[in-house]
Number of protein chains: 2
Amino acid sequence: MSNFHKFLMFRVVTLQRAREEVERMWKTPKVGLVGIGEGLGKILAEEVRARVDFPPFDRAAMDGYAVRAQDTFEADEENPVILRALGLVRVGENPRGTVRERTCVRVETGAPMPKGSNAVVPVEFSRGAKYVEIYRSVAVGENVIRKGSRVKKGEKIAEKNQELTPQMIGVLAAGGVTKARVFLPPKVGILSTGGELVPLGGNLPEGKVFDINGPMLSCAVRELGCQAVFLGIAPDEPRALRRKIEEGLRACDALIVTGGTSAGIGDLLPSSLPLVFHGLATKPGKPTLFSMLRGKPVFGLPGNPLSAFFVFRELVAPNLLRVSGRQMEQRTVQARLSVDLTSERGRQEFVPVRLREEGGGLKAEPLRMGSDAITLLRLADGYLDIPLEVERIRAGEKVVVKLLAR
Amino acid sequence: MSNFHKFLMFRVVTLQRAREEVERMWKTPKVGLVGIGEGLGKILAEEVRARVDFPPFDRAAMDGYAVRAQDTFEADEENPVILRALGLVRVGENPRGTVRERTCVRVETGAPMPKGSNAVVPVEFSRGAKYVEIYRSVAVGENVIRKGSRVKKGEKIAEKNQELTPQMIGVLAAGGVTKARVFLPPKVGILSTGGELVPLGGNLPEGKVFDINGPMLSCAVRELGCQAVFLGIAPDEPRALRRKIEEGLRACDALIVTGGTSAGIGDLLPSSLPLVFHGLATKPGKPTLFSMLRGKPVFGLPGNPLSAFFVFRELVAPNLLRVSGRQMEQRTVQARLSVDLTSERGRQEFVPVRLREEGGGLKAEPLRMGSDAITLLRLADGYLDIPLEVERIRAGEKVVVKLLAR
């Protein structure tokens, strides 16, 4: 390790500053073409224009008879006009004949209008088949959807930064668009470290614990629309760890490594990586580090799963969303705090809370303060985000609760 | 077709009634075991209990020395007590020795507590290595996380109907749970019909239009966490269509067929299926049908993509979510209508609107009333859901807008 890296060690930064540094160093969202069927939830990286008119030809809007409107002008319920039927155009067929004076063509809803016709008489205002009695007059264009009347070829049908929702995918299909340029959510490698870890599913030998961060963070990454590649539990040895990290970076766009991020005797990560910052002024979450290796970001998160959860959510997630072209949407509610709460000055603190209805409002109950266990979160409706400078909030004060999905 | 089916044809029902009939006939959600890593977003079909204690053994909460608390009672900053160090227990190691009177063991954060020890003195209150000076007294249990103190083996850690969020997956992993019984979202086949349809991506011959419903509804199904299988564009012939439907039902739990649902000359679907209802008292969406075939639901949706979109959202989606153990969450906002609006009595009407900020409130502008094109939805922030009995809403009246994701 160079002195440069040593010099940067223990550069504790605020969460706000950490976010900015990550944003400064991990700049460019990746952009690529995807088939619109695979684009669900992705964000358009450029505007999209229709490649075809929609509809692509004049279409009958109703089942009925395609006519020249002028031939019907004298028709009413008492005095039908009689038109000679030339045939039938079904949906999807290409009409051959031409409608001339006093003739008509039977058309299905959606069928192309035959040449010469300019309106459709709905079938319920007609009688007969070969010589058709027409009991209503129609105006030019009536019951016809004109070619390009909904969207013209070349017209803008989607904006940059618009999300590919199901309905937008429908809109693009209508415009004949098969592929769209979108922000490609990063492929994120997840690596657990810690000599005490064994993979979930096997036996639990004495002194070992199941790896929680691996499955939890893989799912958290996927929930944001990114691809997650779980790289397993890294060997507890500096060179092997470094090799595993390099391997992960070759296959992925970003890496999340959990554990080994403190400055203790068993903490390998700080000495294995060039550090941009090491130490986050949050509680929990202090032993967090960030590194850029071969131009790719490596997030070092605390091994404690509750800490890893909060650092993922507050530092990693906003950046994953940013490079996916999205923004974090954090739903919040207001509540009144149920008890006095003290917080360490100089550390931004995250406190899981349970919400209870009380007197028409919400009461936020901190969940067993001081406990450090992920298992707390089974009871949490959300959490408080207490700013650096706040040392005390009193029972009854209004607080903002960041909601967690339940 | 039997007379029974003929008798049931054109049984127009309200949306409310249609939902109930589908619910009555398509009852049982499927339940199955999934690995928790594949469970993201799914709903637990039963409560879950921890399979192991968490933590699974007494753990050091800090880097420091595992001691017998009683040996430190006389220690303070001025008068250290001296304990003989027996060795080091790293995280993940199984401690061998026993801490007896006036001895201690160096422990890493998270390491198992050696036999005989009952507290940890943080490393910053110690000096020396072989004979360690201890500058602070600790109480029994201090800086130790007791076995099972967060969760006891057998304790309930998740409720039935709870969603597998990333944090809940963390909680289950902590409890040693590898698989969970969840509601299995159905596998839904999507089949487009219509002689005018060609698959997106190729050329557009005269008289043909691109299939919009296929990609749009496949994505809409996936957005709800269900698996979508696009079965393509069905041949325009009754027996072939029926064969395609049977094929789809063998591979899937439910089928959505679009197009051919009217009662017109080219509409094959009503005569191909035993109908539970045919006709929905909505606008758009009237040519909708529902059938149960081999115990599986078949939704026949209008070929018009805008109609198909609304019927999917209002009839199919709530049922897909229900059998997945979920509920529809429809976000709404209040707004004032920008213009007078008339609605057909006896039909529940869906009107896409654009929202504008105006005078501190929201104004809802109906999007080109009477237009039938999916392309409208590129501009829609949401839609009005106008009840059957309402015939008129006046400009300035308050309306509830169902939001669409943008």
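# Exercises on a predicted two-chain model

Thr282(B) is found in strand β19 of chain B. The model is predicted. Five exercises follow, beginning with this residue.

## Exercise 1: Thr282(B)

Determine whether Thr282(B) is buried or exposed, and list what it touches.

*Solution.*
- Step 1. Take the cut-off: a residue is buried if 20 or more other C-beta atoms lie within 10 Å of its own.
- Step 2. Apply the count. Thr282(B) has 25 other C-beta atoms within 10 Å, so it is buried.
- Step 3. Set aside residues up to four places away in sequence. Thr282(B) then touches Leu15(B), Arg347(B), Gln348(B) and Phe350(B).
- Step 4. Check a pair separated along the chain. Thr282(B) and Glu344(B) are 62 residues apart in sequence. Their C-alpha atoms are 9.4 Å apart in space.

## Exercise 2: The two sides of α2(B)

Leu15(B), one of the contacts of Thr282(B), belongs to helix α2 (residues 15–25) of chain B. Find which residues of α2(B) are buried, which exposed residues lie on the face turned away, and what covers the buried ones.

*Solution.*
- Step 1. Pick out the buried residues. In α2(B) they include Leu15(B), Ala18(B) and Val22(B).
- Step 2. Look down the axis. These residues cover an arc of only 55 degrees, which puts them on the same side of α2(B).
- Step 3. Recall the helix geometry. An α-helix has 3.6 residues a turn, so residues three or four places apart point the same way.
- Step 4. Turn to the other face. Away from the buried side, α2(B) carries the exposed residues Gln16(B), Glu20(B) and Arg24(B).
- Step 5. Name the cover. Over the buried residues of α2(B) lie, among others, β18, β19 (282–283), β20 (289–293), β21, α7 and β24 (348–358) of chain B.

## Exercise 3: The six-stranded sheet of chain B

Give the strand order of the open sheet in chain B, name its edges, and trace the neighbours of β13(B).

*Solution.*
- Step 1. Write the order. The 6 strands run β16-β13-β17-β21-β20-β18 (chain B), and the pairing is mixed.
- Step 2. Find the edges. β16 (227–233) and β18 (277–278) of chain B each have a single partner strand, so one side of each is left without a neighbour in the sheet.
- Step 3. Follow β13(B) (residues 187–192) to β16(B). The two pair in the parallel sense over 6 bridges. Gly189(B) stands opposite Val229(B), and Ile190(B) has Phe230(B) as its bridge partner in β16(B).
- Step 4. Follow β13(B) to β17(B). These strands also run parallel, joined by 5 bridges. Here the bridge partner of Ile190(B) is Ile256(B).
- Step 5. Check burial. 5 of the 6 residues of β13(B) are buried.
- Step 6. Add the helices. α4(B) packs on the sheet and touches β13, β16 and β17 (254–258) of chain B; its direction makes about 165 degrees with that of β13(B). α7(B) lies across β13, β17 and β21 (296–301) of chain B, at about 165 degrees to β21(B).

## Exercise 4: The sheet of chain A

Describe the open sheet of chain A and the helices α5(A) and α7(A) that pack on it.

*Solution.*
- Step 1. Write the order: β16-β13-β17-β21-β20-β18 (chain A), 6 strands with mixed pairing.
- Step 2. Place the edges. They are β16 (227–233) and β18 (277–278) of chain A.
- Step 3. Examine one pair. β17 (residues 254–258) and β21 (residues 296–301) of chain A run parallel and share 4 bridges. Val257(A) stands opposite Gly300(A) in β21(A).
- Step 4. Add helix α5 (residues 238–251) of chain A. It touches β13 (187–192), β16, β17, β20 (289–293) and β21 of chain A, at about 160 degrees to β13(A).
- Step 5. Add helix α7 (residues 305–323) of chain A. It touches β13, β17 and β21 of chain A, at about 165 degrees to β21(A).

## Exercise 5: How the chains meet

Work out which elements of chain B touch chain A and how the copies are related.

*Solution.*
- Step 1. Count the contacts. 67 residues of chain B are in contact with 67 residues of chain A.
- Step 2. Locate the elements. β11 (156–158), α3 (166–174), β15 (209–210), α4 (213–223) and α7 (305–323) of chain B each supply at least two residues. α3(B) gives the most, with 8 residues.
- Step 3. Sort by type. This side of chain B has 35 nonpolar, 19 polar and 13 charged residues.
- Step 4. Superpose the copies. A rotation of 180 degrees with 0.0 Å of shift along its axis brings chain B onto chain A, with RMSD 0.1 Å. The two copies are thus related as by a two-fold rotation axis.
- Step 5. Compare the surfaces. 100% of the interface residues of chain B are also interface residues in chain A, so the copies meet through the same surface.

Technical notes
Residues numbered from 1 in each chain as written. Chains lettered and ligands numbered in written order. Predicted model: local features only at pLDDT ≥ 70, side-chain atom pairs only at ≥ 80, totals over all residues. Contact = placed C-beta atoms within 7 Å. Nonpolar A, V, L, I, M, F, W, Y, C, P; charged D, E, K, R; others polar. Least-squares fit on C-alpha atoms with pLDDT ≥ 70 in both. Pairing = 2+ DSSP bridges. Axes fitted to C-alpha atoms, helices over the stretch in contact; angles between N-to-C directions. Buried ≥ 20, exposed ≤ 12 C-beta atoms within 10 Å, placed from the backbone. Arc of directions from axis to C-beta.
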